[in-house]
Amino acid sequence: MTDFTLHTVETAPEKSKPILEQSQKTNGMLPNLHAVMAEAPGLLEGYQVLHKLFMDSSFDAEEQTVVWQTINVEHNCTYCVPAHTAIAHSMKVSDDLIEALRNTETMPTEKLQALHETTLAMVRERSIVSDDVVQKFYAAGYGQRQLLEIILCLSQKVMSNYTNHVAETPLDEPFKKFAWK
């Protein structure tokens, strides 16, 4: 792969600088993913906007983690799985759920299992999912809004997972203890 620049606030394109400054302030560091994305200001901004929108979705912390990590694991993203492990811990998600997601094991509840299976189907089938999958999702207590919010998250994760694959983004120090694969 081509060596991608890990930008700093000083080296980033002008349009990326305020976004990186905010990222550094919010995270207490500049995540390498953001440093790579800074090369394309629209990508960095779009990723940040989609992240905020998904954080404001109808899903709770456990459900957000299920959707994020299901996509990260399916996309084999060795940067995002550890990063979202750290995020899940900060969101007080149970260790059992975190490990089940990282190790592709059964979810601790039927509702979370339905969310996991639907998210996997959305990724694998490019959203052309069977009626059976959708009906099981609805029967678990989810609705059309949540089905669409999986697409919102999938859009965000394509941006980060694909960037990390292309750039071979190095894992940040705080995430190294959660290294995956």
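This is a short tour of a predicted model, moving from the whole chain to two helix contacts and then to a pocket.

**The whole chain**

Begin with the entire chain selected and coloured by secondary structure, where you will find 9 helices and 0 strands, so that the order of elements from the N terminus on reads α-α-α-α-α-α-α-α-α. Turn the C-alpha trace along its principal axes, and its span comes to about 50 × 30 × 30 Å. A compact globule of 181 residues would have a radius of gyration near 16 Å, and because the chain has 16 Å, the two agree.

**Helices α4 and α7**

Next, select residues 61-74, which form helix α4, together with residues 110-124, which form helix α7; their axes come within 9 Å and cross at roughly 35°, and the crossing is right-handed. Showing the side chains brings up the contact, to which α4 gives Glu62, Glu63, Val66, Val67, Thr70, Ile71 and Glu74, while α7 gives residues including Lys111, Leu115, Leu120 and Arg124. Sorted by class, this contact of α4 with α7 holds 7 nonpolar, 3 polar and 5 charged residues.

**Helices α3 and α9**

Now move to α3, residues 41-55, and add helix α9, residues 144-167, whose axis comes within 9 Å of that of α3 and crosses it at roughly 145°. Here the crossing is left-handed. On the α3 side, the contact is made by Leu43, Gly46, Tyr47, Leu50, His51, Leu53 and Phe54, and on the α9 side the residues include Glu149, Leu152, Cys153, Met159 and Thr163. By class, the contact of α3 with α9 has 8 nonpolar, 6 polar and 2 charged residues.

**The largest pocket**

Keep His51 selected, since this residue of the α3 contact is also among those that lie nearest the centre of the largest pocket, along with Asn27, Pro31, His34 and Ile87. The pocket holds about 610 Å³ of space and is lined by 23 residues. To see where the lining comes from, show α1 (17-27), α2 (32-37), α3 (41-55) and α5 (80-90), the elements that each give two or more residues to it. Which element gives the most to this lining? Select α5, which gives 6 residues. As a last step, colour the lining of the largest pocket by class, and the view should show 13 nonpolar, 9 polar and 1 charged residues.

How values were computed. Residues are numbered from 1 along each chain as its sequence is written. This is a predicted model: local features need pLDDT of at least 70, side-chain atom pairs count only at pLDDT 80 or more; totals for chains, interfaces and linings use all residues. Side-chain values use heavy atoms; hydrogens and water are left out. On a 1 Å grid over the protein atoms alone, a cavity is a set of points where a 1.4 Å probe fits but cannot get out, and a pocket is an open set with protein on both sides within 12 Å along at least five of seven lines; lining residues have an atom within 4 Å of a point. Grid points are joined across faces, edges and corners, and a volume is the space filled by probe spheres set on the points. Helices (H or I, at least four residues) and strands (E, at least two) are DSSP runs, numbered from the N terminus. Ala, Val, Leu, Ile, Met, Phe, Trp, Tyr, Cys and Pro count as nonpolar, Asp, Glu, Lys and Arg as charged, and the others, Gly among them, as polar. Axes are lines fitted to C-alpha atoms, for helices over the stretch in contact, and angles run from 0 to 180 degrees between N-to-C directions. A crossing is left-handed if the near helix is turned anticlockwise from the far one by less than a right angle, and right-handed if clockwise. Contact means heavy atoms within 4.5 Å. The radius of gyration is taken over C-alpha atoms; the globule rule is 2.2 Å times the number of residues to the power 0.38.
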